[in-house]
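User: I would like to learn how to read domains and contact surfaces in a model such as this one. Could you take me through it step by step?

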Amino acid sequence: MGTNTVSSRAPSRRQVLGGLAAGAAVTGFPHVAGAQAKAIRVGMPTILSGRVAILGTSSRAAAQLAFRQINEAGGINGRTLELIDRDSKGRPDEAAKVTRDLINNDGCEIIIDGEASSGAFAVHEVIRDLPVLCLHTCSETSSLSADPKLHVKTAFRCARQGIHDAVAGGTYAARNAKAKGLKRWMTCSPDYAYGRDNTAEFLEFAKMFEPSIETVDQVWPKLFAPDYTESITKILQTKPQAVYSALWGGDLVAFIEQSNLYRLFNSITMFSGGLGDPPVLTAIKQLPPGLNTAYRYNRNYPAKPANAAFADAFAKIAGHEPTNWAWQVYLGCLFIAEALKRTNGRTEGTALAGALKGMSIAAPFAVGDTITMRDSDHTIIGYPVAWGRTVPKAPFVEDFSDVGWGKIVELETQWKKSKGYA
Amino acid sequence: MRSGLLSPGLLRDVAFAIAALALLLVLPMAFPAPALRDFLIYFFAYGLLAMSLNLLVGLTGLVSFGHAAYFATGAYAFGLLMQTGRVSIPLAMLAAVGGTALVALVIGAICVRLKEIYFSFITLAFQMFIHSVIVTWVSLTGGDQGLRGGIPRPPILGLDLNDARVLYGACAAVFVLCILAMRQVSQSPFGYTLRMIRDNPARANFLGVDVTAMKLGIFVFAAAMASVGGLILALFVSGAYPEFAFWTTSGEAIFMIMLGGTTIFLGPLVGTLLLQTLNHFVTIYTEHHGLVLGTVILVIVLGLRRGLADVVYDWLQGRRTTRPNTPAGPTPEGAEPAPLPDGALKSRIV
């Protein structure tokens, strides 16, 4: 369903008539959407079909959960929040189109951008043209918020970002390398921009903290490759002490399962940026213990009752544990609700952006007390960037080791200077 | 027969184009929903892609699987030039179209020497090559993230393209001009030579036609027209993305042609409108849009066995010929004769 008030239901006659009316709007009738709406409409362009549909379905479930809780608590000055989602099919031009439709045709006053990176950049440009409040909740590409040339006054990122993960990952890897004498490293990451950038940043910081680390080889399997035998064989031949991988989703599941056949992890220490997502962990039939992974989501970390309650409530709606995207969307909804409260329900993009700048909220996922929407570059800090180790039983990752945000911010500033962003 | 400098056919086409442009410009004034403007700009972009592909598929009999490569080349060339901040929009458009034509000249010189499925596959191979270049040349194209930072829209002759209504008007004018240009090519002696090549290349060759040069000519022209579609989309979404050059975009253009039909000149536009409308509404109500669109295409392919515009045209022709004492009129210039039965002489228009 494209329109969800909170709970999804089968299309009714009213919805079908509504569809016909929307058709009439596109084919000519004057724009009336939202004129009499009591609800505040929040649009969500996202990927609901294809290979990464879980990105969109879990994002949608998280927004449904958050809006239900906000509405049950009285809404915003008596107004409820209504979610309208739309499938972009993973195409950036389609993401731009549906975002414009959500704002122009469906009367959405706020956008939660549930697009992967290239789609997020497309949505970002739409927001430059149509300046409603927009929260990017899935893109991890650092430049989206770090590059001042791309700055859009009403656009914010409520998602982890690559540079934060790189600092945390590098610190964790260096710590392990020093403790266990891991000097010979190899990488196995998908052959596209994210895979290469992510791997380069991880190695840069790992070597900065532990100069003895040496990259002995790198393999780049194709994105969405079904067979990793060639890469695994190369790793076995090279005999590194540790392997870092930026593989994610189904690719990572296939790589781990195929590596199990070769007992790869008996002799090699594995570091993965994407393994910590619960759907990935549960999809692996025989999850080897002791693999090192970045936090994506875990119901036991941070160990707070609110976090476990979120996981339970989300699982009731979605039928599975929250994903990384789910907590980010949920957090984005909390930011939106708080911003609306501070503006007394005003939905103008500039007013909401003003309220959101520098806002700190006590979220279930905060490492400390709060997660902050940083004023200077419209991005969150204070979220979990810990690394842990896999165990065979749910929730599959434990022994989380965090990195202080003070250190992350300091190194992020240096990185920004090196890129000409600061 | 000519009247003055312009033939009656050209005069009629120009009059039709002016009327169409007037209608397109009036439509958003009468119905000011921004969504209508947005929808029509997408229609212009993908309409030009489908129409230009039909110059190869319908007019020349060259089934290209890689036409979106030129759509993307136009979009990227235009976007990159505009991001330099040193060129005006018209200059960037001309350079993008010219650049795409040059790329198509090089690729076409290799492709048009092949026939049938070999031609189709080599065009697909070149498309994937261009897609790979876009994805891997990160410093120039932004890689798989696309061209970031937006595409500036400086004013042209006092017109501010940041105003959505002005942008729409400019896109509509460019669209109509391109359709008019394609129409003239299609109705020119060159266009009729292409029909002869489609129906009987050996005969065309025997008559002294340089088949390879003719095919190359239309290949380059079709690529240039596709690039205009790409730059309209780039201008509108303020970016360019590798998906523009992916094979699925070429596949969509082929769907548009199948839905609309290849016989009527404007058939691909009917297909574009149909596919874009279906896509728009089906996406609102279900994420299983592939199933719905697949079913519609299946019904059209199996049920009608030709494009919608072709069916309507044949039905109208049928009514005209079955009317008693009414001689069948000459074939209108907007359409080619209905396909002949299997086994009949293929060279129907020479």
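Analyst: We shall go from the domains of one chain to the contact between two chains, bearing in mind that this is a predicted model.

User: How is chain A divided into domains?

Analyst: A domain need not be one unbroken stretch of sequence, and here chain A is divided into domain 1, made of 3-161 and 306-364, and domain 2, made of 163-300 and 385-419. The centres of domain 1 and domain 2 of chain A, taken over C-alpha atoms, are separated by 31 Å.

User: How many residues of domain 1 of chain A are in contact with domain 2 of chain A, and which elements carry them?

Analyst: With contact judged by C-beta atoms within 7 Å, 18 residues of domain 1 of chain A meet 14 residues of domain 2 of chain A. On the domain 1 side, the elements that give two or more residues are α11 (305-318) and α12 (324-342) of chain A, and by class that side has eight nonpolar, seven polar and three charged residues.

User: How should I read the contact between chain A and chain B?

Analyst: One can ask the same things of two chains: the contact takes 36 residues from chain A and 32 residues from chain B. On the chain A side, α1 (13-27), β3 (81-87), α3 (92-104) and α4 (117-129) each supply at least two residues, with the largest share, seven residues, coming from α3(A). By class, this side of chain A has 15 nonpolar, 11 polar and 10 charged residues.

User: What does UniProt list for residues 40-381 of chain A?

Analyst: An unreviewed UniProt entry lists that span as "domain: Leucine-binding protein"; in the model, residues 40-381 of chain A are 46% helix and 16% strand, and their end C-alpha atoms lie 27 Å apart.

Notes:
Residues are numbered from 1 along each chain as its sequence is written. Chains are lettered from A and ligands numbered from 1 in the order in which they are written. This is a predicted model: local features need pLDDT of at least 70, side-chain atom pairs count only at pLDDT 80 or more; totals for chains, interfaces and linings use all residues. Domain bounds come from an automatic or database domain assignment. Helices (H or I, at least four residues) and strands (E, at least two) are DSSP runs, numbered from the N terminus. Ala, Val, Leu, Ile, Met, Phe, Trp, Tyr, Cys and Pro count as nonpolar, Asp, Glu, Lys and Arg as charged, and the others, Gly among them, as polar. UniProt positions are given in the numbering used here, feature names are shortened, and annotations may be inferred rather than shown by experiment.
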